[in-house]
Amino acid sequence: MKEKLIKALAEALEIDPSAIEEEDNFRDYETYSSLTELSVLAMLDSDFGIEIEMKEFNKYKTVKDLIELVRSR
């Protein structure tokens, strides 16, 4: 599950999955944009069945936060 999330996040960010660390703030990646944000929200829904509002999504800061979100649902 963790690897699947990191791979999908890397695809949305258009970077190599090996460049992603759990402690990283995913919004700090150079390729992160508002379009990336929508891609991540769509990926959470399509790949993991998690639909969340932007307001809730903004509470998540790190890659680890996203991993915990997926694990908790």
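Start with the charged side chains of this predicted model. Select the positive and negative sets separately: the chain carries 10 positive and 18 negative side chains. The centres of these two sets lie 6 Å apart.

Next, show the whole chain as a cartoon. Four helices appear, and the number of strands is zero. Followed along the sequence, the pattern reads α-α-α-α.

Switch to the C-alpha trace for the overall dimensions. Along the principal axes, the C-alpha atoms fill a box of roughly 25 × 25 × 20 Å. The radius of gyration is 11 Å, and because a compact globule of 73 residues would have a value near 11 Å, the two agree.

Now turn on the surface. The accessible surface of the chain amounts to about 4,600 Å², with 46% of that area belonging to carbon and sulfur atoms. Colour by burial, and 38% of the 73 residues count as buried. Contacts can be displayed at this stage too: among those between residues at least 6 apart in sequence, 52% join residues at least 24 apart.

Select helix H2, residues 34-48, and within this helix pick out threonine 36. Is threonine 36 buried or exposed? Its relative accessible area is 5%, and the cut-off for buried is under 20%, so threonine 36 is buried. Which residues is threonine 36 in contact with, once neighbours within four places in sequence are left aside? Show Ala12, Leu13 and Thr31 as sticks, since these are the contacts of threonine 36. Of the residues just named, Ala12 and Leu13 fall within helix H1 (2-13).

Move on to the aromatic rings. The chain has two aromatic pairs. A pair of aromatic rings is described by the distance of the centres and the angle of the planes. Select phenylalanine 26 and phenylalanine 57: their rings are 5.8 Å apart centre to centre, with 45° between the planes, and the pair is tilted. What does this pair tie together? Phenylalanine 26 lies in the loop between helix H1 and H2, while phenylalanine 57 belongs to helix H3 (residues 54-57), so the pair ties together parts that are 31 residues apart in sequence. With the surface still on, both phenylalanine 26 and phenylalanine 57 turn out to be buried.

For the last stop, add Tyr32 to the selection. Ring pairs link Tyr32, Phe26 and Phe57 into a cluster.

Technical notes: Residues numbered from 1 in each chain as written. Predicted model: local features only at pLDDT ≥ 70, side-chain atom pairs only at ≥ 80, totals over all residues. Heavy atoms only, no water. Helix = DSSP H or I, 4+ residues; strand = E, 2+ residues; numbered from the N terminus. Rg over C-alpha atoms; globule rule 2.2 N^0.38 Å. Buried < 20%, exposed > 50% of the residue type's maximum accessible area, 1.4 Å probe, protein only. Contact = heavy atoms within 4.5 Å. Areas by Shrake-Rupley, 256 points an atom, 1.4 Å probe, with all protein chains shown as cover. Lys, Arg positive; Asp, Glu negative; His and termini not counted. Charge placed at Lys NZ, Arg CZ, Asp CG, Glu CD. Phe/Tyr/Trp six-rings, centres within 6.5 Å; stacked < 30°, edge-to-face > 60°.
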